[in-house]
Amino acid sequence: MKLVINGAESASDLPDFDSSSIPGEVCFAPDQESLERHLPGADVLLGWNFRGKQLQQAWPHANQLKWIHWCGAGVDAVLFPELASSDVVLTNARGVFDRAMAEYVLGYMLFEVKKFRGTITAQSESRWQYTMSNRLLGQRAAVFGVGSIGREVARLLAAVGVEVIGVGRTERTDEQFGTVRSNADALQIAGEVDWIVGVLPSTSESDDFFTADFFAAMQAHARFINIGRGRAQDEGALVHALKSESIAGAMIDVFREEPLPQSSELWNAPNLFLSPHISGDYTEFEADMLTQFLDNLQRYVRGDALENVVDKNLGFVAS
């Protein structure tokens with residue numbers, strides 16, 4: 001077996017990685033030239049950099065590839081037409097980031113209902129300012145995207161008393177949500193809840209999902225959160241909604257262009273908390289990603305079914 005690790009220069013780039021434990025040849029391909037050189041004869045590719053887009057150009061050299069493991073929940077960087085139509089199995093890092101992203105959402109919601117923003121401002125101005133805060137208990141949230149991340153968000157919010165609506169591609173009964181409502185009802189749902197949480201995968205169906213009409217349908221006190229994909233939101237419409245106070249606020253961790261250009265209106269939009277695509281990252285996440293891959297590699301060597309197989313037509317792991 002030949003394993004190519006794209007996006008890493010050496011074993012030192014991977015936490016506690018011992019290449020001698022791999023049953024076969026291990027090659028590191030940090031750039032385009034080395035990837036094209038090492039791909040011939042490779043059976044397995046580990047995409048260590050989930051944003052990397054070198055594979056499409058190098059694809060003609062992948063004459064023996066059987067399995068790609070991509071170190072990200074999203075696989076849009078690698079799901080080009082030639083791979084999608086091939087027999088190569090694609091897996092991803094589904095599950096690694098769920099808890100961290102759910103905690104990020106909960107953290108922002110607590111930040112707002114407990115009015116930490118105003119308290120921090122008062123402290124910076126040496127003002128003793130009494131403020132009453134609110135509770136999350138009894139509030140309603142709609143989670144758009146009911147994969148593993150969306151389910152963990154829902155589980156954590158439910159644990160603090162938030163009523164959660166799950167929204168997916170189709171309406172259906174569901175063990176966790178009771179009923180998953182349909183994306184087709186998005187505008188109606190937007191007007192029913194206090195919080196919108198976007199965890200949509202990057203597909204053609206989710207492009208520009210959160211539009212001006214969606215923000216207009218939200219209640220004035222409601223807030224919008226997106227930790228899914230930047231392409232899902234109309235950023236200009238979001239800025240307008242914030243400036244016009246048709247929604248109370250937003251937290252955005254993903255953007256149509258990353259890094260976010262300094263010219264973007266989002267930087268100065270009122271009542272917007274933005275972060276540089278970090279909601280899923282935590283101190284040990286690379287070690288956990290590697291452990292997940294090595295567990296799957298053992299399955300591959302044994303000939304067992306792999307975990308987290310991406311449906312290449314859908315663009316994500318089907319639940």
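**Entry: the parallel sheet**

I began with β4 and β5, two strands that run parallel and are joined by 4 bridges. Looking for a single residue pair within this pairing, I noted that I68 has L90 in β5 as its bridge partner. I should record at this point that I am working from a predicted model.

I then looked up the sheet around these two strands, and found an open sheet of 5 strands in the order β2-β1-β3-β4-β5, with parallel pairing. Its edge strands are β2 (25-29) and β5, each of which pairs on one side only. From one strand to the next, the twist of this sheet averages 20°.

**Entry: helix α10**

Next I asked myself which strands α10 lies across. I found that α10 lies across β1, β3, β4 and β5, and that the helix runs at about 165° to β4. Helix α10 covers residues 285-302, which makes 18 residues, and from its first C-alpha to its last it reaches 26 Å, close to the 26 Å expected at 1.5 Å a residue.

I listed the buried residues of α10 as F285, M289, L290, Q292, F293, N296 and L297. Viewed down the axis of α10, these buried residues fall within an arc of 160°, so they line one face of the helix. I also looked up what covers them, and the covering elements include β1 (2-6), β3 (44-47), β4 (67-70) and β5 (89-92). Just after α10 I came to G303, which follows the helix and has a positive phi, near 85°.

**Entry: the mixed sheet**

I turned to another sheet, in which 8 strands form an open arrangement in the order β8-β9-β7-β6-β10-β11-β12-β13, with mixed pairing. Here the edge strands are β8 (172-174) and β13, and each of them pairs on one side only. Neighbouring strands of this sheet are turned by 20° against each other on average, when direction is ignored.

I went through several of its pairings one at a time. Strand β6, residues 140-144, pairs with β7 in the parallel sense over 5 bridges, and within that pairing V143 stands opposite G166 in β7. I noted too that β7, residues 163-168, is mostly covered, since 5 of its 6 residues are buried.

Strand β10, residues 195-198, pairs with β11 in the parallel sense over 4 bridges, and V197 stands opposite I225 in β11. Strand β11, residues 223-226, is in turn joined to β12 by 4 bridges, and these strands also run parallel. I followed I225 across to β12, where its bridge partner is M251.

For β12 I asked which residues point one way and which the other. I found G249 and M251 pointing one way from the strand, with A250 and I252 pointing the other way, and all of them are buried. This agrees with what I keep in mind as a general rule, that in a regular strand the side chains alternate between the two faces of the sheet.

I also looked for a helix against this part of the sheet, and found α9, residues 235-243, which lies across β11, β12 and β13 and runs at about 145° to β12.

**Entry: backbone exceptions**

Before looking for unusual backbone values, I reminded myself that most residues other than glycine have a negative phi, and that most peptide bonds are trans.

I found a cis peptide bond between E258 and P259, with omega at about -5°. P259 is in the loop between β12 (249-252) and β13 (272-274). N271 lies in the loop between β12 and β13 as well, and although N271 is not glycine, its phi is positive, near 55°.

I then noted H277, which is not a glycine either but has a positive phi of about 55°; H277 is found in the loop between β13 and α10. Are N271 and H277 buried or exposed, or something in between? N271 is partly exposed, with a relative accessible area of 39%, whereas H277, at 19% relative accessibility, counts as buried.

**Entry: aromatic rings**

Last, I searched the whole structure for aromatic pairs, and the search gives 18 of them. I picked out one aromatic cluster, which is formed by F144, F209, F210, F214, F215 and F224.

Definitions and conventions:
Residues numbered from 1 in each chain as written. Predicted model: local features only at pLDDT ≥ 70, side-chain atom pairs only at ≥ 80, totals over all residues. Heavy atoms only, no water. Expected span 1.5 Å × (residues − 1). Buried < 20%, exposed > 50% of the residue type's maximum accessible area, 1.4 Å probe, protein only. Arc of directions from axis to C-beta. Contact = heavy atoms within 4.5 Å. Phe/Tyr/Trp six-rings, centres within 6.5 Å; stacked < 30°, edge-to-face > 60°. Pairing = 2+ DSSP bridges. Axes fitted to C-alpha atoms, helices over the stretch in contact; angles between N-to-C directions.
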